[in-house]
Amino acid sequence: MYHAKKIGVFISHIFGAYQQGVCQGIIDRAVEYGYTAEIFTSLDGENLGSYALGEESILHIPNYDSFDGIIFASDTYISQELRRKISERLKALSCPIVEIAVKDACFPSISLENNSMSGELTSHFLNVHHASRVCFLGSLSESYVSKLREKHYRDALKKQGKTPGENDIYHCGYEEDEVRRALAFFCQAGTPEAVVCYNDRLALMFLASALAAGYRVPEDIAITGCDDTPEGQNISPMLTTVTFPVYELGVRAIENLLALIRGGSPETAGPTAALLIRNSCGCHHKEDADAVFFMQDLSARIASLETSILDSMNMSSSLQHVTDLDAGMEMLSEFLPQLKHCAEFYLCLYADWDSVSSHILALTNQEETAPDADTILLKFAYKNAKTLPECSFLKKNLLPDYLYDNSDCAFIYVPLYFEDKKFGYLALAYENNQIDFQFRLVQWQMNINRMLQNLCEAKRTGMLVSRLEDIYMRDALTGLYNKHGYNHLEEALLNRALLESLPLTAFLIDMDGLKNINDTYGHSEGDFALRVLGQAIESTASEGDICARFSGDEFYMLTAGLTEKDAKKRAESITSYLDNYNKLSGKAYDICCSCGYASALSEHGFTAERIQELFAIADKNMYLEKEKHHAVHC
């Protein structure tokens with residue numbers, strides 16, 4: 001059975017190496033203690049414009065009451081507003097919470113201690129290599145952590161009785177021109193012997209700038225990084241850096257949370273990084289890296305990214321023209337093989353995912369039944385290479401109960417939305433709980449969101465178009481067709497009659513005494529009487545008949561397939577409807593009409609002009625009928 005004990009995890013940009021390492025540590029250690037993890041991830045801060053308004057829908061996915069505890073990786077959120085909203089929501093909970101954060105934590109926190117390593121690297125240059133001038137290259141975009149590392153750099157100099165010179169500290173962004181300016185800034189005071197860089201990325205960019213300027217590394221300028229990336233491991237000289245134990249950070253976070261769950265106290269210190277002495281600092285590592293395997297891996301990654309872009313373009317193009325949700329789900333199944341190592345994939349929709357605004361409902365004279373807010377539709381389900389039937393379930397769990405049977409999967413939940421419209425969410429699980437959330441899933445998410453939004457827009461547009469057609473083709477007073485509507489439908493009825501050799505019957509119905517009702521009781525009562533007559537006519541009609549009011553008090557009806565006996569009965573039914581109405585209405589006046597009709601068998605050469613002739617005959621018959629009525633009755 002699926003674990004009854006759950007840990008919730010809020011983390012952003014899960015496709016990143018840091019995030020996946022932390023989550024893997026959480027998942028693995030949680031399983032050891034009999035817990036499972038439910039991971040809620042978002043894509044905030046990616047310059048998506050108004051599209052990003054829906055990021056906060058991540059808050060509406062979890063069933064918070066099901067968690068024994070929550071881990072909040074707040075430092076991964078670029079959007080401080082989203083981070084604040086998640087914090088406020090979590091503060092309202094009673095379960096224990098551990099926050100992974102370097103600063104501004106709202107809950108018991110833990111963080112990776114690798115900032116002091118800049119001081120260790122500085123001391124390494126001073127003590128081992130006897131450098132007289134060590135510079136620091138910081139990051140503008142991650143200024144808070146960069147300042148912490150700069151402080152440790154300064155402290156290491158101070159212990160040796162040194163202070164940084166005017167040209168020894170520089171902060172820049174990740175642009176080649178900015179890094180070149182950093183090198184020029186340092187060199188204004190002479191060539192620096194060593195440079196401690198904020199991270200490996202800046203270190204590699206600085207190394208490239210130094211080499212391009214004609215400097216040798218490490219002979220002229222020694223360089224270090226700070227987070228042990230594969231790129232730094234596979235250059236020559238190999239980059240001296242520090243470890244980046246993010247998996248251990250996830251492990252320590254879950255252990256701290258479990259301590260709180262059991263009523264104990266968490267450890268305050270997080271995992272600590274360690275120096276990785278290689279060659280770029282001037283030390284003699286055993287050997288430089290053989291970059292062959294790294295280059296093969298890099299080429300494979302580039303090819304995978306190119307394929308991902310092309311696949312996304314294909315997916316976007318395919319889903320763009322989807323007009324039916326079921327067709328969209330069938331098409332989605334064709335793309336699933338692209339998700340390597342994904343064992344389970346579910347698309348869940350809220351009951352109101354395609355609801356329209358009250359404004360649109362008012363414009364289209366329609367009502368929409370309020371959906372059950374506690375019901376979720378599992379619209380698409382894929383498990384162990386098989387698609388499963390759709391079903392509805394209550395939001396006590398985030399997936400139907402049967403999917404949890406005999407499962408210990410850690411699920412990753414991704415919101416589906418467009419701007420501020422919430423559609424639902426995706427749920428994914430990986431083989432052996434080994435996360436492989438690739439960037440292509442971001443493209444998938446946006447393509448699915450766009451498809452769902454297109455379907456919503458198509459529904460809304462369809463309602464508006466239908467309303468416009470009604471306005472154009474229907475009489476506003478009675479709801480029957482007007483002259484435009486009649487003309488639009490006449491040809492189809494004539495063609496059916498010709499194809500099936502059916503007789504055509506034209507009815508012309510005229511209200512008796514409308515002027516008297518208007519003059520005596522007012523035009524609103526006259527309009528009311530016309531509506532009742534329209535209802536009487538429509539109540540007798542069969543499917544395919546055309547009932548219309550062009551103007552005034554004359555009504556038209558064209559039918560196919562009526563015998564003479566049927567036509568007479570049809571006219572009598574209209575009169576009978578009104579007689580019954582008059583007995584029950586309590587009005588001071590009766591509503592009466594005169595009805596005439598004419599029929600002819602459709603045959604080759606029968607045209608719309610012949611139909612007009614039938615109406616002319618029906619009109620004469622109607623006046624004959626009217627003459628029989630006594631004015632006193634109506």
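Is serine 280 buried or exposed, and what is its relative accessible area? Serine 280 is buried, with a relative accessible area of 0%; here buried means under 20% relative accessible area, exposed means over 50%, and partly exposed lies in between (1.4 Å probe, protein chains only). The structure is a predicted model, in which local features need pLDDT of at least 70 and side-chain atom pairs count only at pLDDT 80 or more, while totals for chains, interfaces and linings use all residues. Residues are numbered from 1 along each chain as its sequence is written, and side-chain values use heavy atoms, with hydrogens and water left out.

Serine 280 sits in the loop between strand S11 (275–276) and helix H9 (292–320). Helices (H or I, at least four residues) and strands (E, at least two) are DSSP runs, numbered from the N terminus. Apart from neighbours within four places in sequence, the residues in contact with serine 280 include Val217, Ala222, Met238 and Leu239, where contact means heavy atoms within 4.5 Å. Proline 237 is 43 residues away along the chain, yet its C-alpha atom is separated from that of serine 280 by 5.3 Å. The side chain of serine 280 also has two polar links to backbone atoms. A polar atom of this side chain lies 2.5 Å from the backbone oxygen of isoleucine 223, and the side chain reaches the backbone nitrogen of threonine 240 at 2.8 Å.

Turning to the start of the chain, strand S1 (6–12) is followed by a loop that leads to helix H1 (17–32) and holds histidine 13. Histidine 13 counts as buried because its relative accessibility is 7%. Its side chain makes a polar contact with the side chain of serine 12 at 2.8 Å; such a contact is a pair of N or O atoms within 3.5 Å, where, within protein, one must be able to donate a hydrogen and the other to accept it, and residues adjacent in sequence count only if both atoms are side-chain atoms. S1 itself is mostly covered, with seven of its seven residues buried. Lys6, Gly8, Phe10 and Ser12 point one way from S1, whereas Ile7, Val9 and Ile11 point the other way. Seven bridges join S1 to strand S2 (residues 36–42), and the two run parallel; strands are said to pair if DSSP finds at least two bridges between them. In this pairing, lysine 6 stands opposite threonine 36.

Strand S13 (residues 375–383) is also mostly covered, as eight of its nine residues are buried. It is joined to strand S12 (residues 342–350) by seven antiparallel bridges, and cysteine 348 stands opposite leucine 378. Four bridges join S13 to strand S15 (residues 391–394), again in antiparallel fashion, with isoleucine 376 opposite phenylalanine 393. S13 pairs with strand S14 (residues 386–388) over three bridges in the antiparallel sense. S13 and S14 form a hairpin with two residues between them, and asparagine 384 in the turn has a positive phi of about 50°.

Another sheet, an open one of four strands, has the order S19-S20-S18-S21 with antiparallel pairing. Strand S19 (546–551) and strand S21 (592–601) stand at the edges with a single partner strand each, so one side of each is left without a neighbour in the sheet. Neighbouring strands of this sheet are turned by 20° against each other on average, direction ignored. Helix H16 (residues 523–540) lies across strand S18 (503–512), S19, S20 and S21, and runs at about 5° to S20; axes are lines fitted to C-alpha atoms, for helices over the stretch in contact, and angles run from 0 to 180 degrees between N-to-C directions.

In soluble globular proteins, nonpolar side chains tend to be buried together. The largest nonpolar core has 58 residues, and Ile39, Phe345, Trp444 and Ile448 have the most contacts inside it. A nonpolar core is a set of buried Ala, Val, Leu, Ile, Met, Phe, Trp, Tyr and Cys residues joined through side-chain atoms within 4.5 Å. Helix H13 (residues 440–473) gives the most to the largest core, with seven residues. A second, separate core of 34 residues includes Phe10, Ile70, Cys348 and Phe393.
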